[in-house]
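Reader: I'd like a close look at one part of this model, with its surroundings filled in as you go. Here is what I have on screen.

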Amino acid sequence: MLDWCNATTPAHRAHLSVFRCTDPESSRLIEDEYGEEREEHDYPWEFLVQDRINHLHVPAHPPNFVLMGYDSIGLAAVIELTVKEFERYCFIRAVAVAHRVSGQGFAGEAIALADHVLEKYHVTRDFTVEARIDPLNDAAKRAFTKAGFEYVEDFFEYERWGRVVP
Amino acid sequence: MKRTQQQEQPERRIVDRQSYALHAVALPSREERARIRAILRARAGLV
């Protein structure tokens with residue numbers, strides 16, 4: 001289990017700015033047919049979420065939340081979400097697990113925090129949680145499936161996944 | 001979100017920041033939120 005907290009302090013901001021959830025060796029610049037430089041990555045969803053987390057504004061103001069999970073070494077996982085209290089709805093914008101601790105189940109731990117945040121709003125039943133997943137991101141699909149989510153529909157280059165709690 | 005060692009390496013892909021911003025992390029509209037909620041509730045037999 002990680003030690004979770006809200007991102008509120010300049011120290012948190014500093015930890016987020018250097019958070020690494022992908023292998024930098026997997027990234028490179030290529031030149032397209034028009035001579036323009038473009039970024040390419042073996043796992044672009046990791047690169048994109050890492051870039052987002054590196055530039056998150058801290059503190060986040062409710063109904064937006066940035067929750068950070070620490071282990072004995074440092075920042076191990078991050079989840080960013082938004083709550084719509086009166087719609088009994090939560091949108092998970094980003095979930096990321098540090099490269100050094102991947103495959104240890106921390107994504108599931110992060111996803112489960114959505115319920116706890118909704119609980120702060122006294123929403124404990126009849127609510128919906130949504131997230132977007134890259135179709136090639138099998139690790140995310142496994143983590144969200146394990147957390148009770150299901151595929152809803154395609155959404156441009158992404159997939160919509162959701163979970164409803166009666 | 002992390003890959004595992006068992007996961008096969010997907011084909012290389014361009015990093016599309018615009019699509020990510022618009023389609024992965026942008027909060028859906030109130031109508032879209034209601035629609036997704038209705039789909040999930042219907043699937044769960046809650047309506």
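What phi does A:Gly148 take just after α4(A)? Start there, please, and then work outwards through whatever that helix helps to build.

Author: Keep in mind that this is a predicted model. Just after α4(A), A:Gly148 takes a positive phi of about 95°.

Now step back into the helix itself. The buried residues of α4(A) are A:Ala139, A:Ala140, A:Lys141, A:Ala143 and A:Phe144. Notice that a lysine is on that list, alongside alanines and a phenylalanine. As for what they pack against, the partners are β6, α3 (106–120), β7 and β9, which belong to chain A.

Helix α4 (138–146) of chain A also takes part in lining a cavity. A search of the whole structure turns up 1 cavity of 30 Å³ or more, and about 230 Å³ of space lies in the largest cavity. Its lining counts 19 residues, and those closest to the centre are A:Arg93, A:Val95, A:Arg132, A:Ile133 and A:Asn137. Which elements give two or more residues to that lining? From chain A they are α2 (44–54), β6 (89–97), β7 (127–133) and α4, and from chain B there is α1 (17–24). So both chains have a hand in the wall, as chain B supplies residues through its α1 as well. The largest share, 4 residues, comes from β6(A). Sorted by class, the lining holds 14 nonpolar residues, 4 charged and 1 polar.

Strand β6 turned up both as a packing partner of α4(A) and in the cavity wall, and it deserves a stop of its own. A:Val97 lies in this strand of chain A. Buried or exposed, where does A:Val97 fall? A:Val97 is buried, because its relative accessible area is 3%, and the cut-off for buried is under 20%. Its C-alpha atom is separated by 8.3 Å from that of A:Arg20, although the two residues are 77 apart along the chain.

In the loop between β5 (75–84) and β6 of chain A you'll find A:Arg88. Its phi is near 55°, a positive value in a residue other than glycine. That's worth a second glance, because most residues other than glycine have a negative phi. A:Arg88 is partly exposed, with a relative accessible area of 23%. A:Phe156 makes a good companion: its phi is near 50°, also positive in a residue other than glycine. A:Phe156 sits in the loop between β8 (150–155) and β9 (158–165) of chain A. Here the relative accessible area is 59%, so A:Phe156 counts as exposed.

The loop after α2(A) has its own oddities. A cis peptide bond joins A:Val58 and A:Pro59, with omega about 0°, and another cis bond joins A:Pro62 and A:Pro63, with omega about 15°. Both A:Pro59 and A:Pro63 lie in the loop between α2 and β4 (64–70) of chain A. For context, most peptide bonds are trans.

Now over to chain B, whose α1 we met in the cavity lining. Chain B has 2 helices and 1 strand, running β-α-α from the N terminus on. Of its 47 residues, 36% are buried. One of the buried ones is B:Ser19, with a relative accessible area of 7%, and B:Ser19 is found in helix α1 of chain B. Leaving aside residues up to four places away in sequence, B:Ser19 touches A:Glu157, A:Tyr158 and B:Ala24.

The other helix of chain B, α2 (residues 30–43), has 14 residues and reaches 20 Å from its first C-alpha to its last, close to the 20 Å expected at 1.5 Å a residue. Buried in α2(B) are B:Arg33, B:Ile36, B:Arg37, B:Leu40 and B:Arg41. Seen down the helix axis, these buried residues fall within an arc of 130°, so they line one face of α2(B). What covers them includes β5, β6, β7, β8 and β9 of chain A. That list brings us back to β6, β7 and β9, which are also among the elements that the buried residues of α4(A) pack against.

And to close where we began, with a glycine: α2(B) is followed by B:Gly45, whose phi is positive, near 70°.

Definitions and conventions. Residues numbered from 1 in each chain as written. Chains lettered and ligands numbered in written order. Predicted model: local features only at pLDDT ≥ 70, side-chain atom pairs only at ≥ 80, totals over all residues. Heavy atoms only, no water. 1 Å grid on protein atoms, 1.4 Å probe; cavity = no way out; pocket = protein on both sides within 12 Å on 5 of 7 lines; lining within 4 Å. Points joined across faces, edges and corners; volume = space filled by probe spheres on them. Nonpolar A, V, L, I, M, F, W, Y, C, P; charged D, E, K, R; others polar. Buried < 20%, exposed > 50% of the residue type's maximum accessible area, 1.4 Å probe, protein only. Expected span 1.5 Å × (residues − 1). Arc of directions from axis to C-beta. Contact = heavy atoms within 4.5 Å.
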